[in-house]
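Reader: Please take a close look at one part of this model, the small sheet and what packs on it. Then follow the aromatic rings outward from there.

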Amino acid sequence: ALFDQIQQAKVIPNTKTAWGTKQFAFKDIFKCGSCGANITAEEKFKPTKDGGLNRHVYYHCTKQVDRSCPERSINEKDLVIQLIDFIKQNETSIKISTDLKRKAERHKSVVENALSLHSMTNIDVKPLSEYTTYILNYGSYSEQIALVEGIDSQFVIRNRRLEKI
């Protein structure tokens with residue numbers, strides 16, 4: 001009986017999720033700048049000194065077009081920073097969907113209202129930049145996906161840099 005109890009305690013439950021069920025913000029949205037294949041995501045957990053885990057998401061070429069594609073992975077945080085910078089620099093020339101424009105304008109009115117409550121009305125709020133920064137830093141993956149899909153420009157990742165085609 002003791003042997004059976006120990007054997008049962010040794011069994012590690014399968015905590016893995018089914019393949020393809022995890023949601024990532026930028027999976028299958030960007031293309032590889034070298035070979036043109038899709039960009040996929042991979043999740044890694046690294047232990048911290050206090051015993052916890054840090055979650056890191058990396059995006060890399062699927063290598064379905066060229067098995068020897070030289071592109072290396074890019075961290076999701078770096079990709080978000082590059083996307084925010086790109087949108088801030090090109091806000092006036094970017095073509096966006098009407099839904100994204102509506103959401104950005106709604107966000108702008110909320111920000112302007114909050115600023116006016118604190119007597120800070122002379123601040124210029126750029127709708128798309130403000131909305132992008134907020135969603136990419138604090139939004140859910142589904143909101144981030146909708147944001148990137150609302151931008152009509154096509155992007156590739158080449159040498160760990162986000163580039164517009």
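Author: In this predicted model, strands β5 and β6 run antiparallel and are joined by 4 bridges. Two of the facing positions can be named. Arg158 stands opposite Arg161 of β6, and Phe155 has Lys164 in β6 as its bridge partner. The hairpin formed by β5 and β6 has 2 residues between the strands, and Asn159 there takes a positive phi near 55°.

The hairpin belongs to an open sheet of 3 strands, in the order β1-β5-β6, with mixed pairing. The edges are taken by β1 (31–32) and β6 (161–164); each has a single partner strand, so one side of each is left without a neighbour in the sheet. Helix α2 packs on this sheet and touches β5 and β6, and its direction makes about 35° with that of β6.

An aromatic pair also links the helix and the sheet. The structure holds 5 aromatic pairs, and one of them joins Phe86 and Phe155. The ring centres are 5.1 Å apart and the planes meet at 85°, which makes the pair edge-to-face. Phe86 lies in helix α2 (residues 76–89) and Phe155 in strand β5 (residues 155–158), so the pair ties together parts that are 69 residues apart in sequence. Phe86 counts as buried because its relative accessibility is 16%, under the 20% limit. Phe155 is buried as well, with a relative accessible area of 4%.

A second aromatic pair, Tyr134 with Tyr138, is tilted, with 5.8 Å centre to centre and 45° between the planes. Both tyrosines lie in helix α4 (residues 127–138), 4 residues apart, or about one turn of the helix. Tyr134 counts as partly exposed at 42% relative accessibility, and Tyr138 is exposed, with a relative accessible area of 65%.

To return to the phenylalanines of the first pair, Phe86 and Phe155 form one aromatic cluster together with Phe26, Phe30 and Tyr59.

Tyr134 has a further role in the packing of helices. Helix α3 (residues 98–117) and α4 pack at an angle of about 90°, with their axes 8 Å apart. Angles of 65 to 115 degrees count as roughly perpendicular, and α3 and α4 are therefore roughly perpendicular to each other. From α3, the contact is made by Leu100, Lys103, Ala104, Glu105, His107 and Lys108. From α4, Pro127, Leu128, Glu130, Tyr131 and Tyr134 take part. By class, this contact of α3 with α4 has 6 nonpolar, 1 polar and 4 charged residues.

One loop residue completes the account. Thr62 is found in the loop between β3 (53–61) and β4 (74–75), and counts as partly exposed at 23% relative accessibility. Leaving aside neighbours within four places in sequence, Thr62 is in contact with Ala37, Asn38, Thr40 and Arg67. Thr62 and Asn75 are 13 residues apart in sequence, and their C-alpha atoms are 15 Å apart in space.

How values were computed
Residues numbered from 1 in each chain as written. Predicted model: local features only at pLDDT ≥ 70, side-chain atom pairs only at ≥ 80, totals over all residues. Heavy atoms only, no water. Phe/Tyr/Trp six-rings, centres within 6.5 Å; stacked < 30°, edge-to-face > 60°. Buried < 20%, exposed > 50% of the residue type's maximum accessible area, 1.4 Å probe, protein only. Axes fitted to C-alpha atoms, helices over the stretch in contact; angles between N-to-C directions. Parallel < 35°, antiparallel > 145°, perpendicular 65-115°, else oblique. Contact = heavy atoms within 4.5 Å. Nonpolar A, V, L, I, M, F, W, Y, C, P; charged D, E, K, R; others polar. Pairing = 2+ DSSP bridges.
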